[in-house]
Amino acid sequence: MEIAERQAEVAGIDARWLEAGGAPILYVHGVPTASFDWLPLLERVGGVAPDLPGFGHSSKPAEFDYTIQGYDRWLEAFAGRAGLDRFSLVVHDWGAVGLALAQRFPDRIERLLMFISVPLLPGFRWHRVARVWRTPLAGELLMGFTTRRAFRRSLPPAIADRAWDCFDHGTQRAILKLYRASPPEALERAGGRLGELRCPALLLWATRGPYIGEEFGPRYAAALGGEARLEPVETGHWSWHERPELVERAATFLG
């Protein structure tokens with residue numbers, strides 16, 4: 001499927017996104033990637049994948065509200081710009097900010113596909129790297145010492161160099177602000193209305209991810225208000241890059 005690159009101003013952000021076919025599907029990426037993360041699914045299923053503010057080739061202004069609520073409002077504006085009235089939602093990692101939008105407009109969500117995502121649930125404790133990022137000065141120092149080699153060790157080969165090439169000061173600032181605005185109690189509050197999401201849901205939950213425990217897959221499935229199917233997958237954090245057959249599983253679910 002042919003993928004087109006689009007660019008326009010959305011809610012004050014010079015936004016860049018990828019678009020394929022006419023499928024009403026919104027993909028929301030996590031940290032530290034961008035829309036390119038979703039290329040295997042865009043090629044197979046189609047849909048729309050933005051670079052969130054602060055990431056990829058979208059603008060990265062210091063004054064943007066890099067919080068769950070800020071991304072929620074921006075995604076609402078983006079969905080309007082992309083002509084997505086009723087759509088399927090696909091999230092991974094910090095793409096969980098898309099769940100804030102879904103909880104405000106549950107009737108607009110046709111289907112929900114979740115890869116392992118930040119838990120908007122009680123009981124989550126940030127992983128070691130995130131705890132450093134949340135600490136002033138220590139987080140900035142860790143960002144400054146991050147290298148391309150570290151990205152190649154941590155991310156799948158298909159996306160490691162692309163992510164590194166976008167990992168500028170603006171993205172580093174966005175990451176630090178987002179994590180520092182998101183203590184565990186804020187995450188729990190952000191998921192307080194998950195039960196209102198009654199659309200069919202599929203959770204392809206990685207069991208070997210180093211950042212988010214596998215126990216949060218069943219907890220998400222239980223918190224959602226509709227039929228939610230949990231399928232544990234023996235992979236690391238970026239499961240569909242490690243096991244391409246998951247792209248077919250996702251395509252079957254999304255229709």
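1. Glu196 is partly exposed in this predicted model. Its relative accessible area is 32%. The side chain of Glu196 meets that of Arg193 in a salt bridge, with an N to O distance of 3.2 Å. Arg193 is likewise partly exposed, at 40% relative accessible area. Both values fall between the 20% and 50% limits, so neither residue counts as buried or as exposed.

2. The structure holds 18 salt bridges. Side chains of opposite charge can pair when their charged atoms come close. The Glu196 and Arg193 pair is one case; two further pairs follow.

3. Asp51 and Arg16 form a salt bridge whose closest N and O atoms are 3.7 Å apart. Where do Asp51 and Arg16 lie? Arg16 is in strand β2, residues 13–20. Asp51 is in the loop between β4 (47–50) and α2 (68–81). The two residues are 35 apart in sequence, so the salt bridge ties together separate parts of the chain. Both Asp51 and Arg16 are buried. That places each of them under 20% relative accessible area.

4. Arg148 and Asp161 also pair through their side chains, at 3.1 Å from N to O. Arg148 belongs to helix α6, and Asp161 to helix α7 (residues 157–165). The pair links distant parts of the chain, 13 residues apart. Are Arg148 and Asp161 buried or partly exposed? Arg148 has a relative accessible area of 29% and is partly exposed. Asp161 is partly exposed too, at 27%.

5. The pairing of Arg148 and Asp161 belongs to a network of salt bridges. Arg152 and Asp165 are also linked in this network.

6. On the pocket: the largest one has a volume of about 480 Å³. Its lining counts 21 residues. Which residues lie nearest the centre of the largest pocket? They are Val129, Trp133, Phe151, Ser154 and Tyr211. Three elements give two or more residues to the lining: α4 (128–133), α5 (138–145) and α6 (148–154). Helix α4 gives the most, with four residues.

7. The lining of the largest pocket divides into 14 nonpolar, five polar and two charged residues. Helix α6 therefore appears in two settings: it contributes to this lining, and it holds Arg148 of the salt bridge to Asp161.

8. Thr207 sits in the loop between β7 (201–206) and α10 (216–223). Thr207 is buried, with 16% relative accessibility. The value is under the 20% limit, so Thr207 does not count as partly exposed. What does the side chain of Thr207 contact? It makes a polar contact with the side chain of Glu234, at 3.2 Å. Leaving aside residues up to four places away in sequence, Thr207 touches Glu214, Pro232, Val233, Glu234 and Thr235. Glu234 thus appears both in the polar contact and in the list of touching residues.

9. Ala77 is placed in helix α2. Ala77 is partly exposed, at 30% relative accessible area. Which residues does Ala77 touch, not counting those up to four places away in sequence? They are Val10 and Ala11. Pro200 lies 123 residues from Ala77 along the chain, and the C-alpha atoms of the two are separated by 24 Å.

Terms used. Residues numbered from 1 in each chain as written. Predicted model: local features only at pLDDT ≥ 70, side-chain atom pairs only at ≥ 80, totals over all residues. Heavy atoms only, no water. 1 Å grid on protein atoms, 1.4 Å probe; cavity = no way out; pocket = protein on both sides within 12 Å on 5 of 7 lines; lining within 4 Å. Points joined across faces, edges and corners; volume = space filled by probe spheres on them. Nonpolar A, V, L, I, M, F, W, Y, C, P; charged D, E, K, R; others polar. Salt bridge = Lys/Arg side-chain N within 4 Å of Asp/Glu carboxyl O. Buried < 20%, exposed > 50% of the residue type's maximum accessible area, 1.4 Å probe, protein only. Contact = heavy atoms within 4.5 Å. Polar contact = N/O pair within 3.5 Å; in protein donor to acceptor, adjacent residues only side chain to side chain.
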